[in-house]
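Reader: I have just opened this entry and would like to go through it step by step. May I ask short questions as we go?

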Amino acid sequence: MPFFFLGTAKENCHFLLLFARLFVPLHPMNYNTCKLDSGLRVIHLPSASDVIICGIAVKAGTRNEQRGQEGLAHFCEHLAFKGTRRRRAVQIINAIEGVGGELNAFTNKEDTVYYCAIQRRHFTRAVDVLCDIVFFSQHPQMEVEKECEVVCDEIESYEDTPAELIYDEIEDILFQGHPLGHHILGTSEQVRSYTSADADAFTQRWYRPENCIFFASGNVDFGQLKRLLARQPSVDGTGEQEQTNTLTVEKQTSTPEVPAVITRQRGTHQAHVMLGTTAYAATDPRRWALYLLNNIVGGPGLNSRLNLALRERRGLVYAVESSMVAYSDTGAWTIYFGCDPADVDRCRRIVRRELDRLMAAPLSATQLRRAKQQLQGQLAIACDSREQFALDFAKNFLHTGKLRDLTDIMRHIDGLTAADLQQTAQELFAPERLVTLVYT
């Protein structure tokens, strides 16, 4: 998960502020960027580390699937490792892991990312393997049929985890069946219907240099990186540009008309409850206030309001959190908690009371200062993970063409006022906006 939605909590605000000052650079980061003749964009963040984090991010995910293609983007991610024109599956694995590197990938709603961590002396190999599996993967039907069963096992495992499944269902409710709301894995029935031709068509449409970026973080020469990429076998960088499934939303986001409370009987020992609403896009300036407000309500800190109210004071839950996700044209904000089925109504009342408090009165100057210090400290510590930060700046560059500047993020947080947070709370936390999904 990108650092922008992830942090490590500490209770001492002064300690967090110290970390923010230590780790956050005083000047914008010195990125190197370029665009190759093929259309492939390249971004590099130099550092002294001889462990290189690098990868290819493809601007294609769940929302690029057409009707009847649910789960195909994720399935193509799996198939990329099954063989290319030059390598069999075992050769792909051994090329990176045989020298102690790590090769991985993930698919989400708007992109698919292939990446690895490797020693500097093996960086040339990493570039070659990544380009090979992204731009020259093959999908023989025998491998498709074998991988279908692997993905179906993954789907079944996921469906046995209601605390994760509920996040997908709430988004499907909020986005009313739009591909943004679809389960990334798809369904077993749909996955088993895919053929080699389906995978070929999807990757030929979206896995094109002009729809991708190559990213790297570490002690490598940028000129060398450009030469390595330029020497890769030619990939046709032209062709008809397909339009992504867009979701038109008004400036004032609104939650679709659905029942206020939806209950699913899943036979779980614990009740799983989620409240959610549509929220702000990744370019909406209001997202900054929601980012800070989300951390106050149910962020990773043990001092979040919901953790204190539900767990520390009353012992009603083991897990409670709020989370936000920002897509290119919309977003979502949710609260999750798991509790004894007999305590669902009581927990919901307590959650409602905490949200009402934030709507009714602005934070005091002291509360606001402490909230900012905590969030900035969490960001600073999270950014010390080079892998997570590399994935974050890569995805930001893929979708916006802009460079991730931590000092700018800190300035946005510093500039927030108590009135900004109260206004955001009043826009998003009103009872009529929130949909509640309950698994029992």
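Reader: In which strand is the place of Ser-323?

Author: Ser-323 belongs to strand 9, residues 317-326. Helices (H or I, at least four residues) and strands (E, at least two) are DSSP runs, numbered from the N terminus. Residues are numbered from 1 along each chain as its sequence is written, and this is a predicted model, in which local features need pLDDT of at least 70, side-chain atom pairs count only at pLDDT 80 or more, and totals for chains, interfaces and linings use all residues. Side-chain values use heavy atoms, with hydrogens and water left out.

Reader: How exposed is Ser-323, and what does Ser-323 touch?

Author: Ser-323 is partly exposed, at a relative accessible area of 23%. Buried means under 20% relative accessible area, exposed means over 50%, and partly exposed is in between (1.4 Å probe, protein chains only). Leaving out residues up to four places away in sequence, Ser-323 touches Tyr-167, Asn-294, Ala-332, Trp-333 and Thr-334. Contact here means heavy atoms within 4.5 Å. From Ser-323 to Gly-299 the C-alpha to C-alpha distance is 7.2 Å, with their positions 24 residues apart in sequence.

Reader: What about Thr-334: buried or exposed?

Author: Thr-334 counts as buried, at 6% relative accessibility. Thr-334 lies in strand 10. Beyond its neighbours within four places in sequence, its contacts include Tyr-167, Ile-170, Met-274 and Ser-323.

Reader: Let us turn to rings. How many aromatic pairs does a search of the whole structure find?

Author: The search finds nine aromatic pairs. Rings of Phe, Tyr and Trp (its six-membered ring) pair if their centres lie within 6.5 Å; planes under 30 degrees apart count as stacked, over 60 as edge-to-face and the rest as tilted.

Reader: Why is the pair of Tyr-167 and Tyr-336 tilted?

Author: The planes of the two rings, Tyr-167 and Tyr-336, stand at 35 degrees, so the pair is tilted, and the ring centres are 6.0 Å apart. Tyr-167 lies in helix 6 (residues 162-174) and Tyr-336 in strand 10 (residues 331-339), so the pair ties together parts that are 169 residues apart in sequence. Tyr-167 is partly exposed, with a relative accessible area of 22%, whereas Tyr-336 is buried at 7%.

Reader: Which residues form an aromatic cluster, and which ring has the charged end of Arg-41 over it?

Author: Tyr-31, Phe-389 and Phe-393 form one aromatic cluster. The charged end of Arg-41 sits over the ring of Phe-397, 5.1 Å from its centre. Arg-266 lies over the face of Tyr-439, at 5.0 Å from the ring centre. A charge sits over a ring if NZ of Lys or CZ of Arg is within 6 Å of the ring centre and within 35 degrees of the ring normal.

Reader: Which residues touch the most other members of the largest nonpolar core?

Author: Among the 70 residues of the largest nonpolar core, these are Cys-54, Ile-56, Phe-75, Tyr-114, Phe-214, Leu-225 and Leu-229. Helix 4 (residues 123-135) gives the largest share of this core, nine residues. A nonpolar core is a set of buried Ala, Val, Leu, Ile, Met, Phe, Trp, Tyr and Cys residues joined through side-chain atoms within 4.5 Å. Apart from the largest nonpolar core lies another core, of 67 residues, among them Leu-45, Leu-275, Val-297 and Met-359.

Reader: Now for empty space. What volume has the largest cavity, and what lines the largest cavity?

Author: The largest cavity has a volume of about 40 Å³. Its lining includes Leu-293, Leu-358, Pro-362 and Gln-422, and helix 16 (residues 418-428) supplies the largest share of that lining, four residues. On a 1 Å grid over the protein atoms alone, a cavity is a set of points where a 1.4 Å probe fits but cannot get out, and a pocket is an open set with protein on both sides within 12 Å along at least five of seven lines; lining residues have an atom within 4 Å of a point. Grid points are joined across faces, edges and corners, and a volume is the space filled by probe spheres set on the points.

Reader: And how much space lies in the second largest pocket?

Author: About 410 Å³ lies in the second largest pocket. Helix 13 gives the most to its lining, with four residues.
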